[in-house]
Amino acid sequence: MDEYTADAFVNRDEPVPVLAFSGTGSPPPDPESKRSRLRESLSNSKLKEKLQDGASSRSETGFSLQDRLLTKLLQQVIPTENIEEVLDLPPDKRSSKYIGRPGFSLPLMTNNFRRFNSRIGIVFVFQTRLIRLLTWRDPTHTLSLLAVCTFVCLDPYLLAALPLAAALIFVMVPAYLVRHPAPPPTVSHSTYSLNGPPLAPARTIKPAAEMSKDFFRNMRDLQNSMDDFSTLHDGVLKIITPPTNFSNEALSSTVFLFLFVSTCTLFIASHLLPWRIMSLFFCWASIALGHPSVQQFVLNNRENHLRPHERKAKSWLDAWIARDIVLDELPEIREVEVYELQRRKGGQKGEWESWIFSPNPYDPLSPQRIAGEKPKGMRFFEDVCAPRGWEWGDKKWVLDLGSREWVEERMVQGVEVEVEGERWITDLVSEDETKSTPKKGKKVSPGWEEGDGQGASGMWRRRRWIRTVKRKGVSSTIGKDA
C-alpha cells in the first residue's frame, strides 16, 4: 500500500483492468417461445413470495420509512397468482419453501450491499496484484512466481507447504513489521534501538466507511468485475455450447466420441504420462503468454502460421465427420386417421350431406352418441392439422379401402359395411325406426352387416381417411412456435 490508513483497508489508486473480447459485445438473445415467455413471468410470483417472507421473518427496525413504504408498494404491484400451480410445473428448489434463509426484502438487500461493498476491497486488492503479476508489470516478481511453479511442478509434495509459507510471508511478517517498523532513513542505525516494546499499534482491518474514497473504489471495481464476468460467461458459452448441445448432431457426436475414448484411455494409461513435465510446460507457457512482447508476437504471426493449420485441421475434421459419423436414425413415422361424417337430410329418403371431419367414427354405441352429444371436429378437410410436434409425411389423404378390417378391429356394432365403392359405413335402422327384418341375400354377422349402401339405413354414415405423419425436429418446432 502506498499510504497508511488506520480505519480502512485501502484498495489501490488504479482501477482493476477490464477484460476485452473481440466482437460487438454479448450475442443477441434468441427469440423466445410462448412457453419461455410464460416461464419468465414466474419471477413475479417468486418475488412476491420472498417479499412477504422477508417482511414477516425479519423486523424492519433500523430501516427508513422510505424503504418500508417502497417494500409495501412492491408487494401490492406484484401479482399473487401462483403460476407454478396453474401450469403444473415442477417446484423450484430455490423457493423459500425449501430454503430456511430470509426472503427478499429491499431494505435488507440495500443494507447487505452496503456491508458487502465496504468489505470486498481485499478481493480487489488480490485481483489487482494477481493481474500485475501475470502481465509482467514487475518482471522480478513474475520470475519469482515461475521459480515457485517450477519447484511445485517438479516436486508436487511442496503443495502442502505453500499455504503455510503464504501465511508466514503475507500475514505474519507484514503484521510484525507494522508493530516494529524499520528505522526512518534519516535516523542512524547506531542511535535507533531494535530492542524494547512495540513502537506502533497493531493494524486492524476495518470496513471502508460509506461515502469514502475506498467505498467508491469498491463500487467501481465491483461494476467492472460484473461486466468482466458477463463478457467471460457469454464468450465461454459461445465457444462451448455449439459443439456440445447437439444442435449439430454430427459434431456433438464426434466430441462425445473423443471424450469417451480419452476417458477410457486415461483410466488405463494415466500413470504412464509424464505429468510433472506436462505441468511444468503448461505453467511456463501460460505465464509466458501474459508477457506483452509474446502476445504481440503471437498476434503478428497468427495469420501467417496458425491460420493455415487451423483451416487444414478443420477441413480434416469435417471430412472425417462426413465419412465416419453416420446418423442413420430416421424420423419416427406414424399413421393418423380422420373420419368423414355425413348426415341424412330429410329422413330415410333424404340425401346425404357432408357434416364434419371427426377423429372418432361416431358409431351408434360410441359414448358421444349414447350421451346425446354432437360429433366434434373440423368442418372442412383443409382445416385438419397434424398432431402437435408432427408434420405431414404425405401430400394428401388416402381413403382406407379396408373398411371391414377397421370395423372389426374397433368392434363397431349396428352398422352396414360397404366393401366396394366409396367404403361408407352406414348406421343400421333401429327397431324403433322400422320393424322390417334384414333383406335376404345379405350375410348377417354379429354387430354389423355387409351391404352396398342402397338399402334402408340410419341417419349417419362415415368412412375412414388415413395419412402418414413424421415427427418434427426440435429446431423447426421452436421456430414455428416462436
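**Reading strand β9 and a helix crossing**

In this predicted model, strand β3 (residues 390-392) runs antiparallel to β9, the two being paired over three bridges.

Biologist: Which residue of β9 stands opposite E391?

Modeller: Opposite E391 you will find K470 of β9.

Biologist: Which other strands should I look for beside β9, and how do they run?

Modeller: Strand β1 (residues 333-345) runs antiparallel to β9, joined by eleven bridges, and Q342 has R461 of β9 as its bridge partner. Strand β4 (residues 398-399) is also antiparallel to β9, over two bridges, with L399 opposite W465. Strand β6 (residues 425-427) is joined to β9 by two bridges, again antiparallel; there I425 is the bridge partner of R462.

Biologist: How do side chains sit along a strand, and is β9 mostly covered or open?

Modeller: In a regular strand, side chains alternate between the two faces of the sheet. As for β9 (residues 460-471), it is mostly covered, with nine of its twelve residues buried.

Biologist: Now the helices. At roughly what angle do α6 and α9 cross?

Modeller: Helix α6 (residues 121-134) and helix α9 (residues 213-244) cross at roughly 60°, their axes coming within 10 Å. From α6 the contact uses G121, F124 and Q127, and from α9 it uses N218, D221, L222 and S225. Those residues divide into two nonpolar, four polar and one charged.

Biologist: Why is N117 called buried?

Modeller: Buried means under 20% relative accessible area, and N117 counts as buried because its value is 0%. N117 lies in helix α5 (residues 106-119) and, leaving out residues up to four places away in sequence, touches F215, N218, M219 and L222.

Key
Residues numbered from 1 in each chain as written. Predicted model: local features only at pLDDT ≥ 70, side-chain atom pairs only at ≥ 80, totals over all residues. Heavy atoms only, no water. Axes fitted to C-alpha atoms, helices over the stretch in contact; angles between N-to-C directions. Helix = DSSP H or I, 4+ residues; strand = E, 2+ residues; numbered from the N terminus. Contact = heavy atoms within 4.5 Å. Nonpolar A, V, L, I, M, F, W, Y, C, P; charged D, E, K, R; others polar. Buried < 20%, exposed > 50% of the residue type's maximum accessible area, 1.4 Å probe, protein only. Pairing = 2+ DSSP bridges.
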